[in-house]
Each structure stands twice: as structure tokens, then as C-alpha cells.
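Please open the structure in your viewer and keep the selection panel at hand. This tour goes from one selection to the next and says what is there at each stop.

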Amino acid sequence: MLSLQGISKGFPGVQALTDMQLEVRQGEIHALIGENGAGKSTLTRVVAGVHQPDTGSIDFDGALVSWSGPGDAKRHGIHVIYQEFVLFPHLSVAENIFIGHERRNRLGLIDHRRTRSDARNLLDKFGIDVDPTTLVRDLSVADQQMVEIAKALVHDVKLLILDEPTAVISGPEVTVLFERLRALRNAGVAILYISHRLEEIFDLCDRVTVLKDGKYVATRMIASVERDELISLMVGRSLSELFPKRNTQSADSPVVLEVRNLSIPGRVHNASITLRRGEITGLAGMVGAGRSELAFAIFGAMRSSGGQIFVDGREIHDMTPRRAIAEGIGLVTEDRKGQGLAMNLNIAANMTASTLSQFTRFGLIDFAREFKVAKQEIESYRIACRGPSTSVSLMSGGNQQKVIVARWARTSTKVLILDEPTRGVDVGAKIEIYRIMQELADQGIAILMISSELPEIIGMSERVIVMREGVITGELTRDEITEETVIELATRRYAS
Amino acid sequence: MMSVSAMPEKDATSGAFVHTKLMPILTHYGIFLFLVLAILVSGLITPAFVSRDNISNMLMQLAPLGIVVIGQAFVILVRGLDLSVASVMATSAVVATSFSGQNGDAAWVVLAAISVGIATGLINGLLVTKRNVSPFLATLATMIVLQGLRFAWTQGAPSGNVPPFFRSIGTGAFYGVPYNVVIMFIVAIVLAIVLHRSAFGRRMYITGGNPVTAKLVGISSDRITIAAYVICGALAAGAGLILSGFVGVVDNFVGRGFELDSIVAAVMGGVALSGGRGTVAGALAGAAILVVISNAVVMFGLPVQLQTIIKGVVIVVAASLYVNRSH
Amino acid sequence: MQAVLQNTSRYLSGGRSGHLIVIGLLVVMFIVGAVLSDRFATSNNLLNVYEQSAGLAFVSLGQTLTILTGGIDLSVGSIISLVAMLTSGLINGNPAMVLPVVLFVLVLGTLIGVMNGAAVVVTGVHPLIVTLGTGAIVQGVALLYGLGPTGKVPLNFDTFAYGRIAGKISIGATIAIALFLLVWFILRYTRSGRYVYAVGDDPHAARLMALPHKRVLIGVYAASGFFAALTAVYLVSRFGVGQPYTGANYTLASITPVVVGGTMLAGGRGGVIGTLLGVYLVSLLNNVLNFMDVSSHFQLVVQGLVIILAVSVYVEKRRVA
């Protein structure tokens, strides 16, 4: 279906792809993996006609092609579902599905009725349960993704490319997505599936191509490849252990943070948790279970109704981010670019953002001291950069994440909440982040790690709290944590 | 264990000198190069352009705009915009004529005028932060309201006089350096320290760069934003006094055009409308270029109308140089 | 039942809630006027209000389109000034020149708009700055053409502004309604119209979807230039001559009805019907204030307050978590 030979693509300052090759067959789900910066997105964009390659040839559907733009590729049956959805929030589902291919009557005018009915038929045909007249902004993320897939089905799609589709959904939604994708494959569609999650690739895909540093590494049949081999192909070395060794001695450490009966109207109901000194606690559950909201509420960044928060046994009333920081609570949010970093500022400024007053005298910033501290943290967290004055916008996701963690990893910090700390970072950076988390815990910080990735939850947590639809459904201790027990709690319908 | 993290994705390669070395220099210092170039070229064409008198004249023209543009830069830095500065300037000038016109009232004049500026800035800031009104509309509305109040107060035309003290500030000189220029530079230095050295300035950059981050690191971005509008209002009021002292007469339109000129100067000077980027020096250089252009047109004996045309061309060209092409 | 609920909620959230708010304000204004003076609720007075709405209506119609795409056109005032001077200057009292000149200036206004749009597309600079710049250029050209009132028009040229159908209904204001309906139809029933909303809603997505976003942007600024030129012709018809500052107040004035009518400055939400209601609200407000014997100075104050009031009603959801 698709065959790339000798593709190279450079941008000012970067050679993104060098002599790349890729072959995707009709009726297969082909995984594309590689660390961040390996060239996956650039490759996708070349295939989709967003970028024109500098050299090399693209064969598609039996003919040598050269796209003039994304519209050209789309007309020939290539459809990309990007990580960031290409949807118009204030248009309806039906209008979004047919955008660019509006249903029109004989006069060339938009036929609103046919737009709706065609959309309904299309959604029904693939078992997607969404009302076509709803505005897209009122849909859940998973439903928005289904609308994205429906958009692809409007045309005679031959190659469907999905860029990290499960980054935003979890659990049953993933199952539904995989079912749809398998159905499409069986209908003869070629699917190129980009993901960081090896588990999914083994579950879903037929073949896998590994990229590294903008170059082709290998293509393997999923049936005949081992997980460790893929990892070593990706990072260029063998990894026997993803997770750091734990120093278990925290079962009876003092409680640092206690939350009692906290509620957020419509999001979280009566949540109570305790975090202990030096302990890593996992907070598991589906996306949308209210975990991030709970974290925001503990940090005072989201209004809660009722409930009490105790730090070191003292009750803190009317929590605000400023008060939370003063009490030694830190929050690493899931959305680095949108929430975590001021992209216009350098590393040092981002690191000291929450503790700026410690670096000032008479209201003026002590730049020398700020840079000194930043340099130390760059070293201790092995942040790849030129120095404290590097702009964070020029860094990879993993390094950006380390900058945010470094921001909170101060002696004054007692509790650190990390929301999906390894989302969108490559395996290498993941290992680094796990190591840093363990070090912080060893220093006595209580860590609450929100994660949708089971291996991470199981590999890192001393204790796991599971949420479902805004309610804490259970708590598992070290020996009880298995995939089955966590999934059971995350999906269990409690007696109603 | 060696680091396995990906290197910065946009790391430089040797062949990309223009992109990695030249462009940053141009975007950071281009405005200053352009300013120097404009002065040199004008001086070559008309030597009188760089005469002591003309330079002093240009600096005196620069003073009020220079002060306003710093305020405008502060507001734009926190993702705002202030269309009310010209209205504040005129109102401040009108306030100055509403006292006895004697030097004994000078202190009261300053106090009253700056209060008007602060109050306007406070209202702008509150509308933008607490009511979530877009800065464009909020300051447009206060501009109109203030204008109406001013017209009503003066019944169409201001009648009183500005105390002579302001006249001497506006036209006098200190060892050859005009007083108002001295004031502008003092204001610029103080605010440059505030913006680039102080915790408050850093918090402005964070708030403008990413308001959510600001909130999550415990910055009350509302307060920072309001403060930026208040500073802008106060500066505009001060500039109104200086301009009325320079011009010598007060009407209801002192400072007309300053709202747009200050925005243009700030943007030319590298203050990004999207927030979080810009410097005091850059904004001042942007203002200086506007003054140089206006002055050069006159010195070359060209029709005055060309001032607006050239200004328009320069705005668009300058702004397009700052656009981030990578997106 | 659920569909009904959803439609209602869509109606309320889709920018059309703006209509209810403006209609409410119109009703309030009407009641206030009627209570204040028995001359207010006469057909004579209301027909006058209707007549006076035309100039603002044309220019706001174009402005609505640019704002729907998330942009703004700050050059309309200058375009009006230049076109007004050219209209009276080129006609210069010669009835035979009326038609060619009017056609010429409408094309000229459109072309200036095309240049605005092209500059926005090519430079990638925020339209606010681009049109500020082009506005200055156009204003400079107007001043080069003349420093005061220029030329004159034949007497019957005032038909556009003062002519009335059956001696009652203003021709100009009725043409305005017709144009609003035309643009409404285009927005609702053509692909180009759909893309205006799409580009304003998410320009990045529009590019990725390979929608003709450049053509859309050039189109809306061209339309804005055309409607500004039409306003200029109307103003010359009304005042008999064009001046270098004829349009000065219209740049900002054209934005008021748009935002009062519920179109969001962020783009993608709103529509022209809201703007038309906003135009009537402004006209009615001025009329009521006249009846209240409020000095023209305080009329400004009230207008500013109405903007604040109306805009605070459409509070956007806070994006901060």
C-alpha cells in the first residue's frame, strides 16, 4: 500500500530524517515506534503531504506519488488522526465529519438535513454512539476521537495513520478503539499506528518498524519479536529493568498529607487519602475518573466542596496554590506545555518559578544564585541542555518534564503530586524520571503518582489508590497490587 | 549510568549559521541596528538631521511617547492591550488646567492627574481579570467613558491654564538635556530594573508567558495583571502632563494617536502581542524609530502626509520580522 | 425530548443567546424611550432611527466577518475617509460620473481589503497590527489627496441616505437589511461561509484539514473593504462631500455592534444577525439619549458602559483550571 525509499528531510538546524524507509501493507496494522525526536512525526507529516521530502520516493497504492499538500494526500486516501485533534469545537459533530466535503444540494448550497442524516448513518454503521447535532466541545475526549475516526471514514480511506491515539483515553475506551481499528483492518485498510506503549503494540499490531535518530532501524513481525528486543532497538542498548530498586521501609512512616471527604461537584465524591513520608503512592483509574481534579483540589487550584486537608496533622483551610506551596506541596501537571512551563522563559526561571521569593533580596532577583542552583539541578537530574539560560521551548518532552520536577524538588517540599509524569516521553527519559522519583522518595518526600499505565503503577507504587467515576473504589498494598486487582477496582460497578 | 535522554530536538548543526546565529541576533538587536541605521542614513541625506538642535528636538518629542510605550509594553507583556492611554493623557492634561494655574498647585496637579491614571488602570485591570472582558474591549470602553466625562467636565473646551512649572519641564533643559528627556530616562531605568531584575517583573513574564503555570506556581496573576494596567495608566497620566507642558496648550485631544503609536512602537520593539516577550529598551527603540521617521520626513522637506504612510509600511514590515515562522 | 434539550442548549451556547440579550436590551431601551417621551414611540421617530442606522450597519457587517475569523479590521475608518474623498472629488458635481465613480470606489475599497487580507496571510502578523499599518497608509493617501472637504456631488445623490420608499421606509437602511440577509445566507448555506466559522474556531485545524483558509481570510478582508467603501458612499450621500477624517470614528464604532451582538473577538462564534440587532441597539440608544436631553458628551459615557455591560454578559469560560 505504502512504500517509502531513501526519504530525507531537513529543517533549518535539524536533519529530521535520513535515508528513511517504511513499508505498510494493505490490511495490516503497522506500528511505528521510536524515542521522542526519532523522526516519527516528521515521517508522518511527509506521508500526509504536510512536508515535502528533500530526497527519496513515496510509492502509494501502486504509483509513485509526490503530494502537493495535505489535501492532495487526503484525496488519495491517506488520513491522519493527530494527537491533537483536528476538530472545530464550536461546530457540530456532523459539521465536523463533513468539513471540507460538505453535503450539498443541486444548487451547491449546504444541505443541513442530509449532513445530519449522513453523519448519523456513518456513526451508526461503525457503532459510534454520538449525537451528530452535539457541538464537539461538549463531547468527551474519547467521543471526540471517535468523531476523528468517523471523519476518516467519509472518504475511501486506504491508509489511516494514528499518532498516539491512546494518550488521551484509557481502559474500555481503548478496547473500543482497538475493536474499531481491527474492523477497519479486516475491511482492507492499512493502518500505521504510532505509540509509546509497547503493551498496546503487542496487543494490536501485526508488524512494527523502529526508528532512531531520524534513521530506519528495523522492521519486525510482532509475533516473532520480544519486548526487550524492541526496547534495545529503540534506545540502542538492552534494558533488563525499567524501574529502580525500591527501599521499602515506609509502611509506618508518619503521615504527611491527609485528605478527608473531599468533593468536587460533579467530579469527585468524598475522597479520602493519606500520604506517608518517603512513600510512592499510585493513583490509578481511567482517564476522567477524577484523579487530576482531585490533585488540583488538593493543590488548591480547583474549588472543592467540603472535606478537610491536613498537612503534618494541621488542618489547612481554604487551600490555594500559594498556600499549598508554602505548606510544601508540589504539583507536576499532565499538560507540560499548556500548564507546566512558561515556554518563553529559560530553564532557570522555570525552575525557580514557585520559590522565587527565596532568590530575591529587596524584591530584586539574585541571578547568580538562581543560576547556581539551576546548574546544580541540571546536573543532578541530567537535563540535556546548554545551560540554565536555555529556553525550555527548545527542549524535548522528557527534559522539560525534568525541569518541572526540579522546580518542586526542594528541601521544603514534603508532598509531590505527579500527574502522568511519563506521558509522551521516550523510554530513556521514562527511566530517568522513575529514578528521580525514587530518589525524591528516598529523601523523604511523599509522592502521589497519577498514572494510566499499569506497568508504571505496579512497578513504582508502594501502595495504590484506585478511583472510578469520581469515587475511590479501593486501596491496595504492595502485595495486593496486580494488573487484575487494579483493573477490577478501576472498572467495578459498585452496588447502587 | 550515561544519559539516554534525547538531545534537544532543535539542536543546531553547523550548516545553519543564518538560522541559529544570525536570526536570533536580528530578532534581539535588529530594532537597535535599524534605529542606528535610520539615524545614519537620515544624517547622510540631511546633515541638519543630526544637528544638536534637531537631536534635542527629537528627544523632546520622544519623551511622552517613550513613557507611554513602556506602560503599553508592560500591559502587552501580560497579554493585554491598553487603548485608553491617549484618553488618560488628555484627561490628565485637562486635570492640570483645572487648578489655579499657579505653581503652588503643581504638586496637587501631579497627584490628581496620576490618580486619574491609576484609577483608569485599576478599572481596566479589574474588567480584564475579574470580569474576563477582552482587553481590547475593556480599554476601548474606558477610553470612551473617560472621553465622555472629559467632554462633559470641560463643556467642550478646557479653559484653565497649566501651571508654568510644567511649561518649564516641557521646554527647559538641564545642561543641554531637556528636562522631560531626563524624566523619561529615569522612568525607563527604574522600570527596566523592575521588569528585568525584580521578582515582580519575573512574575509578569510568567503570567504573560503562561497564565496557568503562573497560577500553579502560586502567582496571583490577577494582581500582576492589574498592576501592569495601573502602571500603564499612571505612566500615561504622567506623559499627558509632560506633553501638555511641551505643547503649552491643552485641548480635549492631547495625546491623540498615542494609543496606536504606543502599541505600534511596542510591537516594533519586539514586545509580542501574545504575551511574555519584550524589553523596556526594545519598546523605547520602537518609539524612537517612530519619532525619527516623522522627523526625517519633515527634514527632507517631504509632504507631512508621508509620515503616516511610511509609519504604516514600517509597522507591517517590522512586525512581520518578529513572526515565528516555525509554527 | 433529549434532542429538543440539546437543540435548546446549542441555541443558547451557539452565540445565538446573544440575540436574546440584545433583544432584551432593545426592549428595555424602547420602554425607557416610550416612558420618557410620547414622541418616542411614533412611527416618525422610529423610521428616523431606522434611517440613521444604515451607515453603521454597512461597516459593521464587514467587521463581523473579519471578527468571525478571529481577526479585526482597524483600517475601515481610513478606507471610508479615502473613498469618501474620492467619491465626491472624482464626481465633482458631474451627474454622468456618478455611476462609474461609485463602481470604481467600491472596487477600490475591495482591493484595499484584498491587500489587507494578503498582508495578513503572507506576513502572519496579527490582523490588529497589519490593519493598523495599512490603515495609516490609506489615511496618508487620503491626506495626500486633500487636506479638507474635496469635490461635490449632484443634489439627487442624497437618495441613498435620505431616499424613502413610499415616503416612509429608508432606502439605505433597507439595502442594509438586504445585505445582512445575503451575508447570513452565505454564512449558513455555502461552504465558504462554513469555512469562515471554521477558520475562526481553530485556524490550525483549518490548515491541517486543507480548508482554503488563505482564501477565506482574503475574502473577509475584501468584504470588509467593500462594505467600508459602501459606508463611504453612503456618508457622501448624507453629507454631500467627503473629508480626510470622514471615517475616523467608524473604526472603533464598527466593533461595538459586533461584540454587543454576541460575536466573540476570539472568532468562530456569533453571526451577522446579532450585529444587525447591535446596530439597532446603538441607534436606538443614541435616540433615547437625545430624548433624555443628555448632552452628547454623556452619550459617549453611556455607550462605553453599554459595551462593558454587554460584553461582561458573554463571559467566556475561564480557561484556567
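A domain, as the word is used here, has bounds that come from an automatic or database domain assignment. With that in mind, select chain A and colour it in two parts, since the assignment divides chain A into domain 1 (2-235) and domain 2 (255-491). The contact between these parts (contact means heavy atoms within 4.5 Å) takes 14 residues from domain 1 of chain A and 12 residues from domain 2 of chain A. Taken over C-alpha atoms, the centres of domain 1 of chain A and domain 2 of chain A are separated by 32 Å.

Before going further, please note that this is a predicted model, in which local features need pLDDT of at least 70 and side-chain atom pairs count only at pLDDT 80 or more, while totals for chains, interfaces and linings use all residues. Residues are numbered from 1 along each chain as its sequence is written, chains are lettered from A and ligands numbered from 1 in the order in which they are written, and side-chain values use heavy atoms, with hydrogens and water left out.

**Chain A as a whole**

Keep chain A selected and switch to a cartoon view, where you can look for 17 helices and 22 strands; helices (H or I, at least four residues) and strands (E, at least two) are DSSP runs, numbered from the N terminus. Chain A has a radius of gyration of 24 Å, close to the 23 Å that the globule rule gives for 496 residues, so chain A is as compact as a globular protein of that length. The radius of gyration is taken over C-alpha atoms, and the globule rule is 2.2 Å times the number of residues to the power 0.38. If you turn chain A along its principal axes, its C-alpha trace spans about 70 × 55 × 50 Å.

Now show the surface of chain A, which exposes about 19600 Å², with carbon and sulfur atoms supplying 47% of it; such accessible areas come from the Shrake-Rupley method with a 1.4 Å probe, and for residues only the protein chains shown count as cover. Of the 496 residues of chain A, 59% count as buried, where buried means under 20% relative accessible area, exposed means over 50%, and partly exposed lies in between (1.4 Å probe, protein chains only).

**A stop inside chain A**

Select A:Asn96, which is found in helix α3 (residues 93-97) of chain A. Is A:Asn96 buried or exposed? A:Asn96 is buried, with a relative accessible area of 0%. Leaving out residues up to four places away in sequence, A:Asn96 touches A:Leu87, A:Phe88, A:Leu91, A:Val136, A:Val147 and A:Lys151.

**Chain B**

Next select chain B, in which there are 13 helices and two strands. A compact globule with 327 residues would have a radius of gyration near 20 Å, and chain B agrees with this at 21 Å. The C-alpha trace of chain B spans about 80 × 55 × 35 Å along its principal axes, and buried residues make up 57% of its 327 residues. On the surface, chain B exposes about 13500 Å², of which carbon and sulfur atoms supply 69%.

Within chain B, go to B:Thr225, whose place is in helix α10 (residues 221-247). B:Thr225 counts as buried at 8% relative accessibility, and, leaving aside neighbours within four places in sequence, B:Thr225 is in contact with B:Val78, B:Thr129 and B:Thr207. If you draw a distance from B:Thr225 to B:Asn252, 27 residues apart along the chain, their C-alpha atoms are separated by 29 Å.

Then move to B:Asn132, in the loop between α4 (106-129) and α5 (135-154) of chain B. B:Asn132 has a positive phi of about 65° although it is not a glycine, and at 25% relative accessibility B:Asn132 counts as partly exposed.

**Chain C**

For the last stops, select C:Asn92 in the loop between α5 (76-91) and α6 (98-123) of chain C. C:Asn92 has a positive phi of about 45°, although it is not a glycine, and C:Asn92 is partly exposed, with a relative accessible area of 44%.

Finish in helix α6 of chain C, where C:Val122 is found. C:Val122 is exposed, with a relative accessible area of 60%. From C:Val122 you can draw one more distance, to C:Ile255, which is 133 residues apart from C:Val122 in sequence and 25 Å apart in space, C-alpha to C-alpha.
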